[in-house]
Structures are given as structure tokens and as C-alpha cells.
Amino acid sequence: MAAEGNARRPARSEVHRRQREKNIALLVVLATLAALFYVITIVKMGGAG
Amino acid sequence: MSQTAIPIRTRTAPEPAAAVDSSVADFVELLKPRVMSLVVFTGLAGLIAAPGSLHPVLAAVALLCIAVGAGASGAINMWYDRDIDARMARTRNRPIPAGRMEPGAALGFGVMLAVGSVAMMGLAVNWLASALLALTIGFYVFVYTVWLKRRTPQNIVIGGAAGAFPPMIGWAAVTGEVGPMAAVLFAIIFLWTPPHFWALSLYKADEYAKARVPMLPVVAGKAETRRQILLYALVLMPVTVAPWALGYAGPVYGAPAAVLALLFVIGAVRVWREGSEAAARMLFAFSIFHLFALFAAVIADALLGGGGRGGAW
């Protein structure tokens, strides 16, 4: 049982690593979008569009 | 063109084994980055060649929307074509057939990006560009991927329109309308697409046959495909120099366009006469360079004020 548990651990940490990687990517995308919408709003309000 | 029996569409390939957790790289791969680069570049050419001006931030947003819309089309295409992708060496390592991603995740990702890019284009740039982007995505997904790809060797002839829209979208983003030059740029990509893909399919015919995709060499034979490539190359030649001939671009575009068109015809003649795989490979590689170089010339001509009626950014 213990050996089986140990064998599983690396696989689970790999899944967690990928999930964390995706969470960070999503955070970056959302932050970029927020910044982009802010800049677009400023440009549109300035009548430059 | 002679067309014989058309292989039937099938979705009998087994679903991949239980998908493991996908990575960020898998989601990026769904966007078909290499195709996206050509789409963005031609869209940029449309933006720059169009008369009038657009705030650089909004121009960047327009390009981002074109890129994301193209990526969304690629993701939805990979979701729908997962069965045939699993049968071809060229595509079997894509995230879904390789079992690294659940099909539903790819579909959801693609739909979300499609809706987001179209909405953002409309809100930030203008609704004509947004409508053209929606049309492009819809055309690629429903007309090319779902309807034509598995049914007819005309798949890439008609489906090629999807790849031809980006310069028109770029043009519409600046002007809010679609002018004759935008239509010519559309025609160039539309006529370039069939010989480009047929050159590839000449040396990948076995794979397409295995996947039951009715590409021209599979259905009508390699000799007919070589003949069609030459015919399209001959028709493409006057169309690529049309912007110069019609006065929409100057010699900065016209001279390289004429030389490139001639080289493309020479390559097509070689494929037609020799029928070798090497000639087909060379034509395929050259066709990619051809399109990049043509649109680089469009950009250079507009930026250098090459004498056409296009206008500056």
C-alpha cells in the first residue's frame, strides 16, 4: 500500500504543477485583459478611435 | 475538373484514452500558432494598406482579435477533426488525439475565444470588422471543417476563403468599409490557397487517403492535381499584380509581385512536368515565402508611399 502511494505521488504532483501553471497563465490573461480594457476605454474617451 | 467518388465522412476512429491533465503548451498548440502568424501578417498588411488612420492601440487590438479569432477556429477545428487527426502522422501528436486533452475542453476554449474576439473587435474597433471576423470563424468551422473537408476535393478551394478574410478585416478595421483593394487582397489569398495545399497533398496523399480526406490527389489523381496547380498559378499571376496594374499600389509592390508570380509559375510548371516529390515540396515551401513576401511588399509599398491610391496608416 505504502509503495503504491509513493508511486502515485509524483504523478499527482505533476498534475498539480500543470494546474498551477494554468492558473498562473489564466491570471496573466485576465490581468492583461483588464489593462487592455482600461487602455481601450481611455483611447475611446479621448476620441482617437 | 474530373471528380470521382467522394469518400464518405467517417468518425469511427476511437476516442483517445482517458485524457490526462493538459498543459498551457497544449492550449497554445490548439491555436495553431504557425497558421496564426500568417493570418496576423496578412491582417497587418490590410491595416497598413488601408487609407485613413487608426489609433495604434486600437490597431493592436484589431490584430489581437484577428489572431485570437484564427486561434479559436484552429481549436474548434482540432476538436471536430480529432478522429482524422489521429490517423495522420502529421497531426496525431496534437493534444486531443495524443490523449493530453479532453475534446470538450478544446471546444469550450475555442468557442470562448471566438465569442470574445468577435465581441472585443466590435466594441473596440468597429462592427463591420467584427462581423467579418465572425464570418471568417464561421466559414472556417462550418463551411470548411464541418461541411466541405470530408466531402469534396473542392474543400480547400471554397474553404480557402476563410484564410483570405484577414487583410479585409484589417482594411475594414481602419476604414469601416470594404474597398476594391481589400477585395483584391482577398482574391490573392483565395487563389493562392489551392495550389499551396495541393502541393502539400501531392506528397502527403497516402496520409490523406488513410484519413479518408478527399484531397484532390486522392480523388482525381496526382496528374490532375499537378495540372490544377499550374492552372491556379497562371490565374494567380495577374491577380497578384492587379494592385499595381489598377493603381492601388506602386512599383515597390508591383515589381516584387511580378517576379514572385513568375517564380511561382515556374515552380508550378516544374511540378507539372517533372511530377517529382522534390518539386512539390519546393513549391509548397516557396508558396509560403511567396505569400509572406507579397504582403511584406504591400506593407512596404504603403509605408514608403509607393505611388498607389492605398493610403497610409
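Helix axes here are lines fitted to C-alpha atoms, over the stretch in contact, and the angle between two axes runs from 0 to 180 degrees between N-to-C directions. Two packed helices are described by that angle and by the distance between the axes. Keep this in mind for the helix pair below. The model is predicted.

## Chain B as a whole

Chain B has 14 helices and 0 strands. From the N terminus on, its elements read α-α-α-α-α-α-α-α-α-α-α-α-α-α. The C-alpha trace of chain B spans about 55 × 50 × 30 Å along its principal axes. How does the radius of gyration of chain B compare with that of a compact globule? For 313 residues, a compact globule would have a value near 20 Å, and chain B has 20 Å, so the two agree.

Buried residues make up 52% of the 313 residues in chain B. Now take the contacts between residues at least 6 apart in sequence. In chain B, 74% of these join residues at least 24 apart.

## A helix pair: α2 and α8

α2(B) covers residues 33-49, and α8(B) covers residues 166-175. These two helices pack at an angle of about 35°, with their axes 7 Å apart. The crossing of α2(B) past α8(B) is right-handed. Which residues make the contact? From α2(B) come Val39(B), Thr42(B), Gly43(B), Leu44(B), Ala45(B), Gly46(B) and Leu47(B). From α8(B) come Pro166(B), Pro167(B), Met168(B), Ile169(B), Gly170(B), Trp171(B), Ala173(B) and Val174(B). Sorted by class, the contact has 11 nonpolar, 4 polar and no charged residues.

## Helix α3 and Ala70

α3(B) runs over residues 56-80. At 1.5 Å a residue, its 25 residues should span 36 Å; the end C-alpha atoms are 36 Å apart, so expectation and model agree. Is α3(B) largely enclosed or open? Of its 25 residues, 20 are buried, so α3(B) is largely enclosed by the rest of the structure.

Ala70(B) is a residue of α3(B). A residue is buried if 20 or more other C-beta atoms lie within 10 Å of its own. Ala70(B) has 30 such neighbours, so it counts as buried. Leaving aside neighbours within four places in sequence, Ala70(B) is in contact with Val35(B), Met36(B) and Val39(B). The C-alpha atoms of Ala70(B) and Val39(B) are separated by 7.3 Å, with their positions 31 residues apart along the chain. Val39(B) also takes part in the contact of α2(B) with α8(B).

## Helices α13 and α14

α13(B) holds residues 251-274. Its 24 residues reach 34 Å from first C-alpha to last, close to the 34 Å expected at 1.5 Å a residue. Buried residues in α13(B) include Leu260(B), Phe264(B), Gly267(B), Ala268(B) and Val271(B). An α-helix has 3.6 residues a turn, so residues three or four places apart point the same way. The buried residues of α13(B) pack against α9 (180-203), α12 (222-245) and α14 of chain B. Just after α13(B), Gly275(B) takes a positive phi of about 70°.

Leu283(B) lies in α14(B), residues 277-303. It has 27 C-beta neighbours inside 10 Å, so it counts as buried. Not counting residues up to four places away in sequence, Leu283(B) touches Ala199(B), Gly267(B), Ala268(B) and Val271(B). The C-alpha atoms of Leu283(B) and Ala268(B) are 6.9 Å from each other, while the two residues are 15 apart along the chain.

## Two unusual backbone angles

Most residues other than glycine have a negative phi. Where does chain B have a positive phi in a residue that is not a glycine? Lys32(B) is one case, and Arg212(B) is another.

| Residue | Phi | Loop in chain B | C-beta atoms within 10 Å |
|---|---|---|---|
| Lys32(B) | near 50° | between α1 (24-30) and α2 (33-49) | 18 |
| Arg212(B) | about 60° | between α10 (205-210) and α11 (216-219) | 18 |

With 18 neighbours, Lys32(B) is partly exposed. Arg212(B) counts as partly exposed too.

## Where the chains meet

The contact between the chains takes 11 residues from chain A and 8 residues from chain B. The side of chain A that touches chain B has 6 nonpolar, 2 polar and 3 charged residues.

Conventions: Residues are numbered from 1 along each chain as its sequence is written. Chains are lettered from A and ligands numbered from 1 in the order in which they are written. This is a predicted model: local features need pLDDT of at least 70, side-chain atom pairs count only at pLDDT 80 or more; totals for chains, interfaces and linings use all residues. Helices (H or I, at least four residues) and strands (E, at least two) are DSSP runs, numbered from the N terminus. The expected span of a helix is 1.5 Å times one less than its number of residues. A residue is buried if 20 or more other C-beta atoms lie within 10 Å of its own, exposed if 12 or fewer, and partly exposed in between; C-beta atoms are placed from the backbone. Two residues are in contact if their C-beta atoms, placed from the backbone, lie within 7 Å. Ala, Val, Leu, Ile, Met, Phe, Trp, Tyr, Cys and Pro count as nonpolar, Asp, Glu, Lys and Arg as charged, and the others, Gly among them, as polar. The radius of gyration is taken over C-alpha atoms; the globule rule is 2.2 Å times the number of residues to the power 0.38. A crossing is left-handed if the near helix is turned anticlockwise from the far one by less than a right angle, and right-handed if clockwise.
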